[in-house]
Amino acid sequence: MLPERHEILRRGTIEVRGRLPWSSNATFLARVCLEGAGCDAVYKPLRGERPLWDFPRRLYRREVAAYELSEALGWGIVPLTVEVEDAPLGEGSLQEFIDAEFEQHYFTLYDDPALHDQLRTICAFDVITNNTDRKSGHCLLDRNGKVWAIDNGLSFHREFKLRTVIWEFAGEPLPASVVDSLTTLVDDGLPASLDRLLDPHEREAVVTRARALLDAGTFPTDPTGRRYPWPLV
């Protein structure tokens with residue numbers, strides 16, 4: 001029996017194929033192989049991270065935390081992401097590569113009403129994770145019509161720093177599926193896997209934001225008109 005993707009990423013041999021363009025931090029395309037099976041992955045090593053004044057080192061752990069939270073919510077919007085130590089450029093994250101229609105991004109995806117429910121879920125996810133950098137190009141449409149949310153490293157700050165291109169749903173009621181998932185999160189707490197990835201204040205802030213979003217019952221608005229990342233795509 002061939003190993004599953006999770007085991008491939010965790011235990012496989014990593015071969016770096018090349019650097020991915022247009023990334024502010026060093027990001028690489030890699031091939032990961034284990035016991036006759038393999039998959040492509042996006043490798044983000046700690047060594048390639050630019051220091052930031054407002055985020056601690058190891059942004060790659062926030063990529064892993066975003067995946068773990070997405071799975072705990074039952075949303076499955078972040079590609080499989082794991083933490084690795086024995087890698088060509090040292091510790092970092094490996095995220096399953098999405099074979100996407102790369103000419104598409106949030107602003108083009110929004111033109112298709114059939115994708116709006118998926119985009120609403122990403123919108124809610126960004127609010128509770130406090131995503132400070134949801135660019136349009138961070139929403140990928142795969143070949144099966146599923147929208148994925150990638151590049152989540154600048155998330156989970158304890159202070160409110162939301163910056164996103166997704167404002168078209170502002171003021172709308174939260175979908176029932178989002179309400180149900182967030183209610184479970186608030187009642188049961190975060191998955192234990194986030195204990196080693198985020199500090200206690202950051203974990204508490206996730207639940208606080210989820211509770212606030214439920215209390216509001218609607219997607220937030222931006223009265224300032226300035227909560228956008230740059231560049232937009």
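Four exercises on a predicted model follow, each with a worked solution.

**Exercise 1. Fold and compactness**

Work out which elements the protein contains, in which order they run, and how its radius of gyration compares with the globule rule.

Solution.
- Step 1: Count the elements. The protein has six helices and seven strands.
- Step 2: Read them from the N terminus. The order is α-β-β-β-α-β-β-α-α-β-β-α-α.
- Step 3: Compare radii. The radius of gyration is 17 Å, and the globule rule gives 17 Å for 233 residues, so the protein is as compact as a globular protein of that length.
- Step 4: Add the extents. The C-alpha trace spans about 50 × 40 × 40 Å along its principal axes.

**Exercise 2. Burial, contacts, surface and charge**

Describe the protein as a whole through its buried residues, its contacts, its exposed area and its charged side chains.

Solution.
- Step 1: Take burial. Of the 233 residues, 52% are buried.
- Step 2: Take contacts with a separation of 6 or more. Residues 24 or more positions apart supply 70% of them.
- Step 3: Take the surface. About 11500 Å² is exposed, and 51% of it comes from carbon and sulfur atoms.
- Step 4: Take charge. There are 27 positive and 37 negative side chains. The centres of these two sets are 6 Å apart.

**Exercise 3. Arg203**

Locate Arg203, decide whether it is buried or exposed, and find what its side chain reaches.

Solution.
- Step 1: Place the residue. Arg203 sits in helix 6, residues 200–216.
- Step 2: Apply the cut-off. Buried means under 20% relative accessible area. Arg203 has 19% relative accessibility, so it counts as buried.
- Step 3: Follow the side chain. It comes to 2.6 Å from the backbone oxygen of Leu198.
- Step 4: List the contacts, setting aside neighbours within four places in sequence. Arg203 contacts Leu190, Leu194, Asp195 and Leu198.

**Exercise 4. Phe169**

Find where Phe169 lies, judge its burial, and name the residues it touches.

Solution.
- Step 1: Place the residue. Phe169 is in the loop between strand 7 (147–149) and helix 5 (176–188).
- Step 2: Judge burial. Its relative accessible area is 1%, so Phe169 is buried.
- Step 3: List the contacts, leaving out residues up to four places away in sequence. Phe169 touches Tyr106, Tyr110, His116, Leu119, Arg120, Cys123 and Phe219.
- Step 4: Set sequence against space. Phe169 and Ala124 are 45 residues apart in sequence. Their C-alpha atoms are 9.9 Å apart.

Key
Residues numbered from 1 in each chain as written. Predicted model: local features only at pLDDT ≥ 70, side-chain atom pairs only at ≥ 80, totals over all residues. Heavy atoms only, no water. Helix = DSSP H or I, 4+ residues; strand = E, 2+ residues; numbered from the N terminus. Rg over C-alpha atoms; globule rule 2.2 N^0.38 Å. Buried < 20%, exposed > 50% of the residue type's maximum accessible area, 1.4 Å probe, protein only. Contact = heavy atoms within 4.5 Å. Areas by Shrake-Rupley, 256 points an atom, 1.4 Å probe, with all protein chains shown as cover. Lys, Arg positive; Asp, Glu negative; His and termini not counted. Charge placed at Lys NZ, Arg CZ, Asp CG, Glu CD. Polar contact = N/O pair within 3.5 Å; in protein donor to acceptor, adjacent residues only side chain to side chain.
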